[in-house]
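Trainee: Could we go through this structure one step at a time, with each answer ending on the value or name I ask for?

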Amino acid sequence: MALEGLKFKQIYSPIHKIDPRVKFVISCIIFSVTLLYIELIPLILLFTIQVPLVYLAHVFKEWSRSIKGSLYLTIMIFFLNLIFGYFSSGYQITSNAITYAIATSVRFLTLVSSFSIFFLTTSPDDLGLALQRARLPYAFCFAFTTAVRFVPVLADEAQNIIDAQRSRGLELDRGSFLSRVRKYIPILIPLIVGAIRRSLEMAEAMESRAFGAKDVRTNLYELEMSGRDWMVLIISLFALLFSVYIRYYVTIPSFEIPIPI
Amino acid sequence: MIDVKDLYFKYPSGIEALRGLNLRIDDGEFVAIMGENGAGKTTLIKHLNGIFKPSKGDIYIDDVDTRDSTIAEISKKVGLVFQNPDHQLFSETVEEEVAFALKNFGYSEEVIDMRVTWALNLLNLESHRNESPFILSGGERKRVALAAILAWNPKVIVLDEPTIGQDYEQKERLRQLIIQLNSQGRTVIMVTHDVEFVADCEPRVVLMSKGKVIADGPALEILTDFEITNRASILVPQIPSLMDHLKDVCAIHKILNYHDAKNVLLEIARVGQRKS
């Protein structure tokens, strides 16, 4: 399941140790640089520089799962761009259009990959702490971390519900489009009811442990930026400036896929 | 007949839940599958109606490979009652909930009405017929889930942890219901941790550990064997445990049910009285 590729895994690695705020900034930098370029070479470069990070974080299996999970969408993006290219260049497939279609697909994969690395290596707790440091109200931070943490739980539950309803003769892959959509009602209702029931139970359990008793709350772990975190942050910011500079002042070598005819 | 041959199953996450499991269950048998958490019990029963297909090995239901049929086709023969009723309840009324599968299987209106009434009566739910399943208590919801499966009268009934959340009276009713269904010729398979319930029912017991069957035999034999139950992380029920403590004073100590134990203990008391 593609969602597995976003599930945090507690391991000790240099990437896991980086401050969540720094990791978030890096993800945003990769995100914006990815959107800055539409040329194939820098996009491939952006994608490949993430691979060593994946190895360093020991999350290759999970990361490749999220990439595999997004392949279907990637292929769709590729063909949609190709079709638009075909229409806009006077009903013919030019090498330019192919290159553009590949570039947009790689761009999408790069975005997926950077967020996958971020979520795989940042625990929801750390994320919550980072939000708290950004002076957001604690109730909001808590709701956010809980939501992130419950995504895999809900995914498991959805699978169980699908299994239970299929055991009662529900055939999800049969019938017209409309009747198939209607067949999801027996799956969505138990899922939503379960989520509401769980949230109410959780609220009671939290209140019986004095949630919200005091406005200012202390934390067992505090986020501290270490020297290494600052260094990583500065290097990433330089990388951002460098990419912006190249984008506007250097001609990027163009590379076009020849049409295989 | 269910025939499981050298079954292996690996989840996409890489966990190998079943490792070379062999099991044959004939028509009309009553079987309890027991074992530690994570032994692969639920994974095994999800194979019985084709939700999971084997990674390696085969399962035949009445000589048909589960790989060659859809879940709906197999489910008509093998009804699987899930552990958590909240994973299936979605209708506005108990009646509609019980009728859901019957509609999926394409029964006529009259048959549906008849089967729903039959199933609701069987599980003592007739008074809740027009209520929402969501306002019922945990035990009642569990019974609605069971009624929803019994409604189409499958020849094999598989129950995952049927006794959880049931009070003593409901448990006793459940036991009688299971025995009734079994005596009418249906195969009943239940997964449970409830050793006392199994001791009361005295079915054939299949003990699982780490994805394999480690013992298979009558309840009396398996549940009085301290070594083998220990390997599957289950406790011997109270009566055999008591009889084990008394093994120096009574010759027969492999006893599972209350009445046999009572007779043996009365005999010991009588002998003691005579001596004094």
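Mentor: Let us begin with the sheet, keeping in mind that this is a predicted model. In chain B, six strands make up an open sheet with mixed pairing, and their order is β6-β7-β8-β3-β9-β10.

Trainee: Which strands are the edge strands of this sheet?

Mentor: An edge strand pairs on one side only, and the order runs β6-β7-β8-β3-β9-β10 in an open sheet. The two strands that answer to this description are β6 (78-81) and β10 (212-218) of chain B.

Trainee: By what angle are neighbouring strands of this sheet turned against each other on average?

Mentor: The pairing in this sheet is mixed, and the average is taken with direction ignored. On that basis, the turn between neighbouring strands is 15°.

Trainee: In β8(B), what is the bridge partner of Asp160(B)?

Mentor: Strand β7 (residues 156-160) of chain B pairs with strand β8 (residues 187-191) of chain B in the parallel sense, over five bridges. Asp160(B) has as its bridge partner in β8(B) the residue Val191(B).

Trainee: Which helix gives the largest share of the largest nonpolar core?

Mentor: This core has 83 residues, of which Ala147(B), Ala151(B), Val158(B) and Val198(B) touch the most other members. Leaving aside neighbours within four places in sequence, Val198(B) is in contact with residues including Ala32(B), Met34(B), Pro203(B) and Leu223(B). The largest share of the core, seven residues, is supplied by chain B through residues 138-150, that is, helix α5.

Trainee: Are α2(A) and α7(A) roughly parallel or roughly antiparallel?

Mentor: The axes of helix α2 (residues 20-36) and helix α7 (residues 95-121) of chain A come within 10 Å and cross at roughly 175°. Because angles over 145 degrees count as such, α2(A) and α7(A) are roughly antiparallel.

Trainee: How many residues of the contact of α2(A) with α7(A) are nonpolar?

Mentor: From α2(A), residues including Phe24(A), Ile30(A) and Phe31(A) meet residues of α7(A), among them Leu111(A), Phe115(A) and Phe118(A). The contact also holds five polar and two charged residues, while the number of nonpolar ones is six.

Trainee: Which elements give two or more residues to the side of chain A that touches chain B?

Mentor: In all, 18 residues of chain A are in contact with 20 residues of chain B. The side belonging to chain A divides into nine nonpolar, five polar and four charged residues. The elements of chain A that give two or more residues to this side are α9 (138-166) and α11 (185-207).

Notes: Residues are numbered from 1 along each chain as its sequence is written. Chains are lettered from A and ligands numbered from 1 in the order in which they are written. This is a predicted model: local features need pLDDT of at least 70, side-chain atom pairs count only at pLDDT 80 or more; totals for chains, interfaces and linings use all residues. A nonpolar core is a set of buried Ala, Val, Leu, Ile, Met, Phe, Trp, Tyr and Cys residues joined through C-beta atoms within 7 Å. A residue is buried if 20 or more other C-beta atoms lie within 10 Å of its own, exposed if 12 or fewer, and partly exposed in between; C-beta atoms are placed from the backbone. Helices (H or I, at least four residues) and strands (E, at least two) are DSSP runs, numbered from the N terminus. Two residues are in contact if their C-beta atoms, placed from the backbone, lie within 7 Å. Ala, Val, Leu, Ile, Met, Phe, Trp, Tyr, Cys and Pro count as nonpolar, Asp, Glu, Lys and Arg as charged, and the others, Gly among them, as polar. Two strands pair if DSSP finds at least two bridges between them. Axes are lines fitted to C-alpha atoms, for helices over the stretch in contact, and angles run from 0 to 180 degrees between N-to-C directions. Angles under 35 degrees count as roughly parallel, over 145 as roughly antiparallel, 65 to 115 as roughly perpendicular and the rest as oblique.
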